Amino acid sequence: MKKAIITISISAYILITLFCIFFFPIKYKNEINNCATKLNLDPNLIFAVIKAESDFDPNVVSKSGACGLMQIMPATAKYMIEQYDLNCSLDDLLLPSVNIEIGSQYLRYLLDKYKNLDDVIVAYNAGETTMMNWKKNNQSIQYAETRHYLKRVKRNITFYQRKKLLFG
């Protein structure tokens, strides 16, 4: 009986490890860790947002115009660049380092403003005004896409935390 439990435990560990390796990549690690350190953010949050937004494809541009790894809207990028005196331009929004810097600064801004991680994730996806209207009216998240996004980002955070525990 003990051998069966040990075998199952080892198999589960191997499956979780393989799942993390293949489905939760660690790309742009230096850029993400630098921004996380500079802005006092959990790097797992940045990895999780990138995974949900672009699946680490730096060239993605959505129908609505959101750009790059973190799917930053140009208006949001412009605001972040001006507000925080970032040394980059809108022309470079598809560059991974620039996109990660702006997206991470936006996450820091949202965390400072709302404090609650769920509110931050919802605001990142649906917009601050939409999120605040839902809260003001005591409504649950009205967009199915945003409800799914919240679950996906939180799941991604969990897997990136596990991956860090497994691989350092």
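**Exercise 1. Identify the salt bridge that links helix 2 to helix 5, and describe the exposure of its two residues.**

Solution. Lys38 and Glu101 form a salt bridge, with their closest N and O atoms 3.5 Å apart. Lys38 belongs to helix 2 (residues 29-39) and Glu101 to helix 5 (residues 96-114), so the pair ties together parts that are 63 residues apart in sequence. The criterion for a salt bridge is a side-chain nitrogen of Lys or Arg within 4 Å of a carboxyl oxygen of Asp or Glu. Helices are DSSP runs of H or I with at least four residues, numbered from the N terminus.

For exposure, buried means under 20% relative accessible area, exposed over 50%, and partly exposed in between, with a 1.4 Å probe and protein chains only. Lys38 is exposed, at a relative accessible area of 56%. Glu101 is buried, at 19%.

The model is predicted: local features need pLDDT of at least 70, side-chain atom pairs count only at pLDDT 80 or more, and totals for chains, interfaces and linings use all residues. Residues are numbered from 1 along each chain as its sequence is written, and side-chain values use heavy atoms, with hydrogens and water left out.

**Exercise 2. State how many salt bridges the rule gives, and examine the bridges of Asp55 and Asp118.**

Solution. The count comes to seven salt bridges. One of them joins Asp55 to Lys51, the closest N and O atoms being 2.7 Å apart. Asp55 is partly exposed, at 44% relative accessibility, whereas Lys51 is buried at 16%.

The side chains of Asp118 and Lys154 also meet in a salt bridge, at 2.8 Å from N to O. Asp118 lies in helix 6 (residues 117-126) and Lys154 in helix 8 (residues 144-167), so this pair connects parts that are 36 residues apart in sequence. Asp118 is partly exposed, with a relative accessible area of 27%, and Lys154 is partly exposed at 35%.

**Exercise 3. Determine which residues of the loop between helix 3 and helix 4 have a positive phi without being glycine.**

Solution. Asp55 lies in this loop and has a positive phi of about 50° although it is not a glycine. Phe56 is placed in the loop between helix 3 and helix 4 as well, and its phi is near 70°, a positive value in a residue other than glycine. Phe56 is buried, with a relative accessible area of 4%, while Asp55 is partly exposed at 44%.

**Exercise 4. Describe the largest nonpolar core and the contacts of Val153.**

Solution. A nonpolar core is a set of buried Ala, Val, Leu, Ile, Met, Phe, Trp, Tyr and Cys residues joined through side-chain atoms within 4.5 Å. The largest one has 48 residues, of which Met70, Ile102, Leu107, Tyr124 and Val153 touch the most other members. Helix 5 gives the most to this core, with nine residues.

Contact means heavy atoms within 4.5 Å. Leaving aside residues up to four places away in sequence, Val153 touches Leu45, Ala48, Val49, Ala52 and Ile121.

**Exercise 5. Characterise the contact made by Leu45, Ile46, Val49 and Ile50 of helix 3 with helix 5.**

Solution. The axes of helix 3 and helix 5 come within 11 Å and cross at roughly 115°. On the side of helix 5, the contact is made by Ile100, Ser104, Leu107 and Leu111. Axes are lines fitted to C-alpha atoms, for helices over the stretch in contact, and angles run from 0 to 180 degrees between N-to-C directions. Angles of 65 to 115 degrees count as roughly perpendicular, and helix 3 and helix 5 are therefore roughly perpendicular to each other.

Key: Parallel < 35°, antiparallel > 145°, perpendicular 65-115°, else oblique.
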